[in-house]
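Reader: I have a model open and want to learn how to read it. Where do we begin?

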Amino acid sequence: MRRTILAGAALAGVLVATGLAGTAVAAPDAAPAACSPTRTPASFRACIATATAAYTQLWQPLLAAHGSTTGSPAVSIYTGVPLNPCFDATVGDVVEASFWCDRNETVYVSAPASPYWTRDYAREAKAQGILAADARRVHRSQKRLLAGFANQGAATELAHELGHWVQYATGIDAYYLQKSQGTGRLAERYGSAFELAADCMAGWVQGRAAASGAWRNTAVLRWASHATIAELGGDLSGMRPHFRFPRETTVIAHGGPYSRLRLYDAGWALGASAADGVTGCAQAAADYTRTEPPPVSSRSARR
Ligand SMILES: [Zn+2]
């Protein structure tokens, strides 16, 4: 679940449930998977299906190593109010960003939110005078960056939500939930650790996918993922070229762009080096938030 960002997101439409389990993943020697750089309803659905298959396949061996018997999550793309057993989506902001629902083991992917992340990051970078530097670095025009990469943005948001699935599948979500109960700074820090660990896991799975050849790895795709994580962090004031942000004095809730990018990048490095993204990200988030990491099982089945 995410913070409010979109105002007036289109609520009309229908809930589209997609059966993504069993979607084929390219063999290691095949061309790396990717999302189309141009968003259409069809390319968006294909992108989410491809990313779900690639990411869950990379997580499965680790989940098995940690004793999880949880199967692959369901993924549901929504364009209207996402009817679900976790939240009353007719109130509040839940319809405006993708979210994980543990009660039916489903990631709900927001189609209306998908164009927003990369496009609005680019607009803000333009306003703050740094988009030209970003564009030079990724060999694209500013105009192209301003048009956004909705599919890769949605795949990155999906990767975060699948981090919550991994936390659920390994049983560590209950630890964070229990520790973040109540009020006070320590409880808040555990809430942030839960979210920042999911950012780390998003980085892990995308770094692992890039390093293993499962996913195309280009500068502009990395730009789109970073732009998405930064935009999800909310306050983009004080940005400098190449995703450098001022550090927050206090990490609140999901964390700001500095914290979220830092944990995402830490996860990417863990994934690229084939380190354990479950324990590695739990530890990285704990270190960053000055909390104790959750106990992670290495053998016993959870359920
Ligand atoms: Zn989250």
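Author: Begin with the order of elements. From the N terminus on, they run β-α-β-β-β-α-α-α-α-α-α-α-α-α. This is a predicted model.

Reader: How many helices and strands does the chain have?

Author: The count is 10 helices and 4 strands.

Reader: What share of the 303 residues is buried?

Author: Buried residues make up 50% of the chain. Now look at contacts with a separation of 6 or more: residues 24 or more positions apart account for 76% of them.

Reader: Next, the nonpolar core. Which members of the largest one touch the most other members?

Author: The largest nonpolar core has 83 residues, and A197, C200, V205, C281 and A285 touch the most other members. Helix α7, residues 185–212, gives the most to this core, with 13 residues.

Reader: Take A285. Which residues does A285 touch, beyond those up to four places away in sequence?

Author: A285 touches A193, L196, A197, C200 and L263.

Reader: Now helix packing. What describes two packed helices?

Author: Two things: the angle between their axes and the distance between the axes. Try helix α1 (residues 41–65) and helix α5 (residues 150–169). Their axes come within 10 Å and cross at roughly 35°. The crossing is right-handed.

Reader: Which residues make the contact between α1 and α5?

Author: From α1 come S43, F44, C47, I48, A51, T52, Y55, T56, W59 and L63. From α5 come N151, A154, A155, L158, A159, L162, V166 and A169. By class, the contact has 14 nonpolar, 4 polar and no charged residues.

Reader: On to α9 and α10. At what angle do α9 and α10 pack?

Author: The angle is about 150°, with the axes 10 Å apart. Helix α10 covers residues 277–289. An angle over 145 degrees counts as roughly antiparallel, so α9 and α10 are roughly antiparallel to each other. α9 passes α10 in a right-handed crossing.

Reader: Which residues of α9 and α10 make the contact?

Author: On the α9 side, S259, L263, A266, G267, L270 and G271. On the α10 side, G277, G280, C281, A284, A285 and Y288. The classes come to 7 nonpolar, 5 polar and no charged residues. Two names should ring a bell: C281 and A285 are among the core residues that touch the most other members.

Reader: And α8 with α9: how are they set to each other, by angle and distance between axes?

Author: α8 and α9 pack at an angle of about 140°, with their axes 7 Å apart. The cut-off for roughly antiparallel is over 145 degrees, so α8 and α9 are oblique to each other. α8 passes α9 in a right-handed crossing. The contact of α8 with α9 has 6 nonpolar, 1 polar and 1 charged residues.

Reader: Which residues meet there, between α8 and α9?

Author: H226, I229, A230 and L232 in α8 meet P257, R260, L261 and Y264 in α9.

Reader: What about the loop between α8 and α9? Where does G233 lie?

Author: G233 lies in that loop, between α8 (219–232) and α9 (257–272). The C-alpha atoms of G233 and P257 are separated by 4.4 Å, although the two are 24 residues apart along the chain. Leaving out residues up to four places away in sequence, G233 touches G255, G256, P257 and R260.

Reader: Is G233 buried or exposed?

Author: Count the neighbours. G233 has 21 other C-beta atoms within 10 Å, so G233 is buried.

Reader: Which residues with a positive phi, other than glycine, should I check in this loop?

Author: Among them, F243 and A253. F243 has a positive phi of about 65°, and F243 lies in the loop between α8 and α9. A253 has a phi near 55°, and A253 is in the loop between α8 and α9 too.

Reader: Are F243 and A253 buried or exposed?

Author: F243 is buried, with 21 other C-beta atoms within 10 Å. A253 is exposed, with 12.

Reader: One last residue, W117. Where does W117 lie?

Author: W117 lies in helix α2, residues 116–127. W117 has 27 C-beta neighbours inside 10 Å, so W117 counts as buried. Beyond its neighbours within four places in sequence, W117 is in contact with G153, E157, A227, T228, E231 and L232. W117 and H226 are 109 residues apart in sequence and 9.8 Å apart in space, C-alpha to C-alpha.

Technical notes
Residues numbered from 1 in each chain as written. Predicted model: local features only at pLDDT ≥ 70, side-chain atom pairs only at ≥ 80, totals over all residues. Helix = DSSP H or I, 4+ residues; strand = E, 2+ residues; numbered from the N terminus. Buried ≥ 20, exposed ≤ 12 C-beta atoms within 10 Å, placed from the backbone. Contact = placed C-beta atoms within 7 Å. Axes fitted to C-alpha atoms, helices over the stretch in contact; angles between N-to-C directions. Parallel < 35°, antiparallel > 145°, perpendicular 65-115°, else oblique. Left-handed = near helix turned anticlockwise from the far one by under 90°. Nonpolar A, V, L, I, M, F, W, Y, C, P; charged D, E, K, R; others polar. Core = buried A, V, L, I, M, F, W, Y, C linked by C-beta atoms within 7 Å.
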